Amino acid sequence: MQFKTILKTLPLLMLASGLASAAHAADVKLGLAAALTGPAAKYGVAIKNGFSLAADEVNAAGGVNGNKLLLVIEDEQGKKEEAINVFKKLIFKDKALLVFGPTLSNSAFAADPIANAAKVVAFGTSNTADGITAMGPFTFRNSVMEADVLPVTTRAAVKHFGIKKVAIIYGNDDAFTKSGYDVFKGTLADQKIPVTTTEAYAKGDVDFKAQLTKIKASNPDAIVCSCLTEEAANIILQTRALGMKQPFIGGNGLNSPKLFDIAKGAGDDTIMGSPWSSENLTPANKAFIAAYKAKFGSDPDQFAAQAYDALHVVAAALKKIKLSGALDKDRIALQQALPAVTIDGATGKFAFRKAPPVTGKEVGYDAQQEAIVNIAKGGKFILLK
Ligand code: VAL
């Protein structure tokens, strides 16, 4: 080729290669397994919204190292079997680089082993039961576990109401409500608060009269509830119908504002802990709340905030690695980049910490974050001061 011809063709070649690289700037596929239908959708829809908002923000700012983030979202219905199916689809069929979710700890115990076996990060944003990150080195979570939140919540509630003794009610067939119960039991013993009676129910129960009648007879100062939202709301309503006025102390399940859709004003004075508050007016949280309201026309909750932060954590990890295009390699590179990520997000300053050791097993990473305590007033969570 003559020199002149090269000169003439060069711009065309450059243009062509530019176009080609634009077309090849592959999307980074991130899977999201969330409960979008069924009772756990009270958490899952907020989670989906938090992720969509954060992905839009990252993409609007040019993506990660020139790659756009593509969320592949699947409904796991808050059921173990569906969580397994959805994880398999996202990992093996969609070939997602990482999978967020599932919503419930109960489902995570079923689905995360699949991700660990396939060496794909399973990143929980709402799983708060003990032992989640003991499942393997590919399990991460930014949801602060009950073991970290409940002692702080209990201490604050005892002080606020001058509580001397409590009754406990919990779901005994769900990994999270059971784990929350175990943590509450230990916490109450540590804080020397006697338990007047311990009552259990099963998933799907709607009538709690038998348990509540026993609780009433035991005359506690407060009721500790390790429950998911729907059951918690019905328990609160039925407690009031029995003429009981005791405040509730809850775990992470009570953190959804959907509690008040059912319990209305009866939910007032319920105390629960979380790393997030709408009253925490840091620049990052203010921006998150405003953007969420603008996009969805409603207030965010802590589940949306943790999902939003999780996407930003992964985006920060992705910025540190150079994707090779070889999926197996890239999945491991992401797992290795994640532990060192810190962000200042909607839930405040976030860092990971290695999960407690388990003999003969590699473990994953928990959230290193402070819990703050909220109290329900007028259908809203406000900071307990
Ligand atoms: N935190 C709970 C769990 O781990 C619910 C409320 C999402 O199952």
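This is a short chat about the domains and the ligand shell of a predicted model.

Me: Before we start, what kind of model is it, and how are residues numbered?
Reply: Residues count from 1 along each chain as its sequence is written. The model is predicted, so to speak with filters: local features need pLDDT of at least 70, side-chain atom pairs count only at pLDDT 80 or more, and totals for chains, interfaces and linings use all residues.

Me: Cool. How is the protein divided?
Reply: Into domain 1 (23–144 + 279–370) and domain 2 (147–274), with bounds from an automatic or database domain assignment. Their centres, taken over C-alpha atoms, are 29 Å apart.

Me: And how many residues does each give to the contact?
Reply: Domain 1 gives 14 residues and domain 2 gives 17, where contact means C-beta atoms, placed from the backbone, within 7 Å.

Me: Which elements of domain 1 give two or more residues to that side?
Reply: Helix 2 (41–60), helix 4 (105–117) and helix 11 (302–319). Helix 4 has the largest share, three residues. Helices here are DSSP runs of H or I with at least four residues, numbered from the N terminus.

Me: Switching to the ligand: which residues are around it?
Reply: Among them are Y43, S105, N127, F176 and N252; the criterion is a C-beta atom, placed from the backbone, within 6 Å.

Me: Why does the ligand lie between the domains?
Reply: Because both domain 1 and domain 2 give residues to the shell around the ligand.

Me: How does that shell divide by residue type?
Reply: Five nonpolar, seven polar and no charged. Ala, Val, Leu, Ile, Met, Phe, Trp, Tyr, Cys and Pro count as nonpolar, Asp, Glu, Lys and Arg as charged, and the others, Gly among them, as polar.

Note on methods
Two residues are in contact if their C-beta atoms, placed from the backbone, lie within 7 Å.
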